[in-house]
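Biologist: I am new to this structure and would like to go through it step by step. Please show it first.

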Amino acid sequence: MKKIAVVAADGRVARKAIKEAVDRGFDVTAFGRRDENTGDAQTYVKKDIMDLAKEDLEGFDAVIDAFGAWTPETLPQHSTTLEHLCHVLAGTDVRLVVVGGAGSLYLDGTHTAQVQDLDSFPEGFKPLAHAMGVALDELRSVKDVRWTYVSPAGDFQADGPRTGSYVLAGEEYTADENGVSAISYADYAIALIDEIESGPHIQERISARW
């Protein structure tokens, strides 16, 4: 049985990933800020991500980093929290699977422009996309952690259905035959757990859409 830790586990994406993993029979420990376990994880530990130490994450097959911040003063924490997790996991065999963003997906194979560079990209989301993109760029330089960064589709639907299927892609923004790039939190969670279970994408960014 695989043992998975989910950090910053109180958010909605984290909860979907926890449920998906538990439903598959995995042993899940959630680390969060709430006083008690309100999700599906078998074990809950109240602990801030920045307080995690090496001994907290020993013995796990994978760690899902579901950290998210949206206010101007907290956006830099996308970098600082990821840097801390990399420090904790450096030199171990534990996989680090990061819940990423879509704004840093490239528009084509030249990798010169990103989704967040489009005029149509919502102005209100640009600071978040930039902060997450910076964190990804910093993560790319980490060579002693078995990390995988997973970007969702452009339309990331919190309450979308769990269809049970998705299309796995790479660094470029992709869409279906109708030009739609979307995925639900529930199906994105399937992609996360599939990657932990059997995915080979070590030190790579991948993406998932319907």
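Cavities, a helix and salt bridges

Modeller: This is a predicted model. The largest cavity in it has a volume of about 90 Å³.

Biologist: How many cavities of 30 Å³ or more does the structure hold?

Modeller: The largest cavity, at about 90 Å³, is one of them. The second largest holds about 60 Å³ of space. With the cut-off at 30 Å³, the number of cavities is three.

Biologist: Which element supplies the largest share of the lining of the largest cavity?

Modeller: The lining includes Asp65, Phe67, His78, Thr81 and Leu82. At least two lining residues each come from strand S5 (95-99), helix H3 (126-140) and helix H2 (77-89). The largest share is three residues, and the element that supplies it is H2.

Biologist: How many charged residues are in the lining of the largest cavity?

Modeller: Among the lining residues are Val98, Val99, Met132, Ala135 and Tyr149. By class, seven residues of this lining are nonpolar and two are polar. The number of charged residues is one.

Biologist: And how many charged residues are in the lining of the second largest cavity?

Modeller: The second largest cavity has about 60 Å³ of space. It is lined by 13 residues, and those closest to its centre are Ala9, Asp10, Asn37, Gly39 and Tyr44. Five of the lining residues are nonpolar and three are polar, and the charged ones number five.

Biologist: Gly39 was just named; how far is its C-alpha atom from that of Lys19?

Modeller: Lys19 has its place in helix H1 (residues 12-23). Its relative accessible area is 41%, so Lys19 counts as partly exposed. Lys19 and Gly39 are 20 residues apart along the chain, and their C-alpha atoms are separated by 7.9 Å.

Biologist: How far apart are the end C-alpha atoms of helix H4?

Modeller: H4 covers residues 185-198, which is 14 residues. At 1.5 Å a residue, its expected span is 20 Å. The model agrees with this, because the end C-alpha atoms of H4 are apart by 20 Å.

Biologist: How many residues of H4 are buried?

Modeller: A residue is buried when its relative accessible area is under 20%. Among the residues of H4 that meet this are Tyr185, Asp187, Leu192 and Glu195. H4 is largely enclosed by the rest of the structure, because its buried residues number 11 of 14.

Biologist: Arg162 and Glu20 meet in a salt bridge; how many residues apart in sequence are the parts they tie together?

Modeller: The N to O distance of this salt bridge is 3.1 Å. Arg162 is exposed, with a relative accessible area of 51%, whereas Glu20 is buried at 8%. Arg162 lies in the loop between strand S7 (155-157) and strand S8 (167-169) and Glu20 in helix H1, so the parts tied together are apart in sequence by 142 residues.

Biologist: Which residues are linked with Glu20 and Arg162 in a network of salt bridges?

Modeller: By the 4 Å rule, the count of salt bridges comes to 15. Glu20 and Arg162 belong to a network of them. The other members are Arg24, Asp194 and Glu197.

Biologist: Which residue forms a salt bridge with Asp48?

Modeller: Asp48 is in the loop between strand S3 (43-46) and strand S4 (62-65). Its partner, 15 residues apart, is in the loop between strand S2 (27-32) and S3. The N to O distance is 2.7 Å, and the partner is Arg33.

Key:
Residues are numbered from 1 along each chain as its sequence is written. This is a predicted model: local features need pLDDT of at least 70, side-chain atom pairs count only at pLDDT 80 or more; totals for chains, interfaces and linings use all residues. Side-chain values use heavy atoms; hydrogens and water are left out. Helices (H or I, at least four residues) and strands (E, at least two) are DSSP runs, numbered from the N terminus. Buried means under 20% relative accessible area, exposed over 50%, partly exposed in between (1.4 Å probe, protein chains only). On a 1 Å grid over the protein atoms alone, a cavity is a set of points where a 1.4 Å probe fits but cannot get out, and a pocket is an open set with protein on both sides within 12 Å along at least five of seven lines; lining residues have an atom within 4 Å of a point. Grid points are joined across faces, edges and corners, and a volume is the space filled by probe spheres set on the points. Ala, Val, Leu, Ile, Met, Phe, Trp, Tyr, Cys and Pro count as nonpolar, Asp, Glu, Lys and Arg as charged, and the others, Gly among them, as polar. The expected span of a helix is 1.5 Å times one less than its number of residues. A salt bridge is a side-chain nitrogen of Lys or Arg within 4 Å of a carboxyl oxygen of Asp or Glu.
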